[in-house]
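Me: I am new to this structure. Please take a close look at one part, beginning at a single residue near the end of the chain. Then connect it to the rest.

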Amino acid sequence: MPVNSLKPSNLNPPPTRCVLSLDMASKTGWCLRREEGSWESGVQDFSLKRGESAGMRFIRFRVWLEEVIRLEDVGLIVYEMPHLRGGASTTVLVGLETRVHEVAAVQGIEFTKVHSSTIKKLVTGSGRASKKEVMAWAEIELGRPPIDDNEADAIAMMYWAVDEFRL
């Protein structure tokens, strides 16, 4: 199957490699599920440092993503569909999403995006759940508070991927 954005019904058979979920932003939440079922999560900061050009965020994101893929043998990337409301955050989200597509194409990795309301509904029962509610759910799942709402969302996306793709 050519590498592209997947719908769950297009993924046959489910990936046997690692799955990476991303809640992309300047502080990107991530969750990695390995083949045997173990997983870890966290937040990677791509904020610009003093004097850096705007492109450095995207370069650091791409280098980090390629390294995770290389070290962990990622076969599927799941990410939250960017909500494009204009301004600087839209520029960041579009740039990061473009890097996911670019790296996936070069590495032969499948990817799909999921709407935030879909993951909120799965983990809280309501597609309109607040960040606080998703973080409370993640704390129960992790046994510790998530670093922030980005990590909580990445974990929720992984639960969606496990359910949707029958991992």
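**From one exposed residue to the buried parts**

Reply: Arg166 is exposed, with a relative accessible area of 69%. Exposed means over 50%, buried means under 20%, and partly exposed is in between (1.4 Å probe, protein chains only). The model is predicted: local features need pLDDT of at least 70 and side-chain atom pairs pLDDT 80 or more, while totals for chains, interfaces and linings use all residues. Residues are numbered from 1 along each chain as its sequence is written, and side-chain values use heavy atoms, without hydrogens and water.

Where does Arg166 lie? It is in the segment after helix H5 (149-164). Helices (H or I, at least four residues) and strands (E, at least two) are DSSP runs, numbered from the N terminus. Arg166 is not a glycine, yet its phi is positive, about 55 degrees. Asp73 also has a positive phi without being a glycine, near 55 degrees. Asp73 sits in the loop between helix H1 (55-72) and strand E4 (74-80). Its relative accessible area is 36%, so Asp73 is partly exposed.

Back to H5. Tyr159 of this helix pairs with Trp137 of helix H4, and the aromatic rings deserve a full look. The structure holds 5 aromatic pairs. Rings of Phe, Tyr and Trp (its six-membered ring) pair if their centres lie within 6.5 Å; planes under 30 degrees apart count as stacked, over 60 as edge-to-face and the rest as tilted. One of the pairs is Phe46 with Phe61: the centres are 5.3 Å apart, the planes meet at 75 degrees, and the pair is edge-to-face. Phe46 lies in the loop between strand E3 (39-45) and H1, and Phe61 in H1, so the pair ties together parts that are 15 residues apart in sequence. Both rings belong to buried residues, Phe46 and Phe61. The rings of Trp137 and Tyr159 have centres 4.9 Å apart and planes at 85 degrees, so this pair is edge-to-face. Trp137 is in helix H4 (residues 131-142) and Tyr159 in H5; the pair links distant parts of the chain, 22 residues apart. Trp137 is buried at 12% relative accessible area. Tyr159 is partly exposed at 31%. Phe46, Phe61 and Trp64 are also linked by ring pairs into a cluster.

H5 and H4 lead on to helix H3 (residues 116-124). Ser116, Ile119 and Val123 are buried in H3. Seen down the axis of H3, these buried residues fall within an arc of 70 degrees, so they line one face of the helix. The arc is that of the directions from the helix axis to the C-beta atoms. What covers them includes E4, E5, H4 and H5. Gly125 follows H3, with a positive phi near 90 degrees.

E5 brings in Val114, found in that strand. Val114 is buried, with a relative accessible area of 3%. Which residues does Val114 touch, leaving aside its neighbours within four places in sequence? They are Val78, Tyr79, Glu80, Met81, Ile119, Met157 and Trp160. Contact means heavy atoms within 4.5 Å. The C-alpha atoms of Val114 and Glu80 are separated by 5.1 Å, with their positions 34 residues apart along the chain.

E4 and E5 also meet another helix, H2 (residues 87-107). H2 has 21 residues and reaches 31 Å from its first C-alpha to its last, close to the expected 30 Å. That expected span is 1.5 Å times one less than the number of residues. Its buried residues are Thr90, Val92, Leu93, Gly95, Leu96, Glu97, Val100, Val103 and Ala104. They pack against strand E1 (18-23), strand E2 (27-33), H1, E4 and strand E5 (110-114). Just after H2, Gly108 has a positive phi of about 70 degrees.

Last, the cysteines. A search of the whole structure finds 0 disulfides. A disulfide is a pair of cysteine sulfur atoms within 2.5 Å. Cys18 is in none; its nearest cysteine sulfur, that of Cys31, is 11 Å away. Cys18 is buried, at 5% relative accessibility. Cys31 is in no disulfide either, with the sulfur of Cys18 nearest at 11 Å. Cys31 is buried, with a relative accessible area of 1%.
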